[in-house]
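Please open the model in a viewer and keep the sequence panel visible. The tour begins with the whole chain and then moves from one selection to the next.

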Amino acid sequence: LIHFYKRKMSLAAGRPQVTVYNDKNESAGSVVCLPAVFKAPVRPDIVSTIHNEIAKNRRQPYCVNVDAGHQTSAESWGTGRAVARIPRVRGGGTHRSGQAAFGNMCRGGRMFAPTKTWRRWHRKVNVAQKRYAMCSAIAATGVPALVMAKGHVINGISEVPLVVSDKVQGFQKTKAAVVFLRK
């Protein structure tokens, strides 16, 4: 993945170091270097394309019944009756007799090109493309303008990405974690 980073650096690369904050939302006094993944080029077109392709792999096949629309005995009346040559239901004594059948334009007929289960539901995506999209998405999280454009409210955050000290991993209660996240 190194050759991806050599192309075009992200906007977050202008700030190569980030401040570490403690559990009280104050600067802990230390600074860490931004990981190299934040220097990856931001490519929203690739991210959305790869996401859409991977999302197709969760689909389940569906189709209509193979017999749907063909469960009547119908035959065309032929020419010379001043009606269309579409097959018509046989018999008498009911509204259904004489009605057109089978066609996709008919009431009670089958659909055009009935759906089949052997459609190509899943998509193969190259591992390198998946990794590139993931790196690009992570790099985009380091640009405050892009984060806010997605609708996230980050006005109360000191900087993006926000790095917190390891002390927060010592929280035993969810209540303490919720209080920390609210600060």
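The radius of gyration is taken over C-alpha atoms, and the globule rule is 2.2 Å times the number of residues to the power 0.38. A compact globule of 183 residues would have a radius of gyration near 16 Å, whereas the protein has 31 Å. This is a predicted model, in which local features need pLDDT of at least 70 and side-chain atom pairs count only at pLDDT 80 or more, while totals for chains, interfaces and linings use all residues. Residues are numbered from 1 along each chain as its sequence is written, and side-chain values use heavy atoms, with hydrogens and water left out.

**The whole chain**

Display the C-alpha trace and align the view with the principal axes: the C-alpha atoms fill a box of roughly 95 × 45 × 25 Å. Switch to a cartoon, where the secondary structure comes to 5 helices and 5 strands. Helices (H or I, at least four residues) and strands (E, at least two) are DSSP runs, numbered from the N terminus. Read along the sequence, they follow the pattern α-β-β-α-β-β-α-α-β-α.

Next, show the surface. The accessible surface of the protein comes to about 13,300 Å², of which 56% belongs to carbon and sulfur atoms; areas come from the Shrake-Rupley method with a 1.4 Å probe, and for residues only the protein chains shown count as cover. Of the 183 residues, 24% count as buried. Buried means under 20% relative accessible area, exposed over 50%, and partly exposed in between (1.4 Å probe, protein chains only). Among the contacts with a separation of 6 or more, residues 24 or more positions apart account for 58%, contact meaning heavy atoms within 4.5 Å.

**Asp23 and its partners**

Which salt bridges does Asp23 form? Select Asp23, Lys24 and Lys167. The side chains of Asp23 and Lys24 meet in a salt bridge at 3.9 Å, N to O, and Asp23 forms another with Lys167, the closest N and O atoms being 3.7 Å apart. Asp23 lies in the loop between β1 (17-21) and β2 (27-33) and Lys167 in the loop between β5 and α5, so this pair ties together parts that are 144 residues apart in sequence. A salt bridge here is a side-chain nitrogen of Lys or Arg within 4 Å of a carboxyl oxygen of Asp or Glu.

Colour the three residues by accessibility. Asp23 is buried at 12%, Lys24 is partly exposed at 48%, and Lys167 is exposed at 53%.

Add Ser165, found in the loop between β5 (163-164) and α5 (174-182). Ser165 is buried, with 16% relative accessibility. Leaving aside residues up to four places away in sequence, Ser165 touches Val20, Tyr21, Asn22 and Asp23.

**Asp45 and Arg43**

A search of the whole structure finds 5 salt bridges. For one of them, select Asp45 and Arg43, whose side chains meet at 2.9 Å, N to O. Asp45 is partly exposed at 40%, and Arg43 is partly exposed at 28%. Elsewhere, salt bridges that share partners join Asp23, Lys24 and Lys167 into one network.

**Aromatic rings**

Rings of Phe, Tyr and Trp (its six-membered ring) pair if their centres lie within 6.5 Å; planes under 30 degrees apart count as stacked, over 60 as edge-to-face and the rest as tilted. By this rule the count comes to 2 aromatic pairs. Select Tyr62 and Trp121: their ring centres are 5.0 Å apart and their planes stand at 55°, so the pair is tilted. Tyr62 lies in the loop between α2 (44-55) and β3 (74-76) and Trp121 in the loop between β4 (87-89) and α3 (127-140), so the pair ties together parts that are 59 residues apart in sequence. Buried or exposed: where does Trp121 fall? Trp121 is buried, with a relative accessible area of 5%, while Tyr62 is partly exposed at 47%.

**Trp77 and Ser73**

Centre the view on Trp77. The charged end of Arg81 sits over its ring, 4.8 Å from the ring centre, and the charged end of Arg88 sits over the ring of Trp77 at 5.3 Å from the centre. A charge sits over a ring if NZ of Lys or CZ of Arg is within 6 Å of the ring centre and within 35 degrees of the ring normal.

Finally, keep Arg88 displayed and select Ser73, in the loop between α2 and β3. Ser73 touches Arg88, Val89 and Arg90, not counting residues up to four places away in sequence. Measuring from Ser73 to Pro114, C-alpha to C-alpha, gives 19 Å in space for a pair 41 residues apart in sequence.
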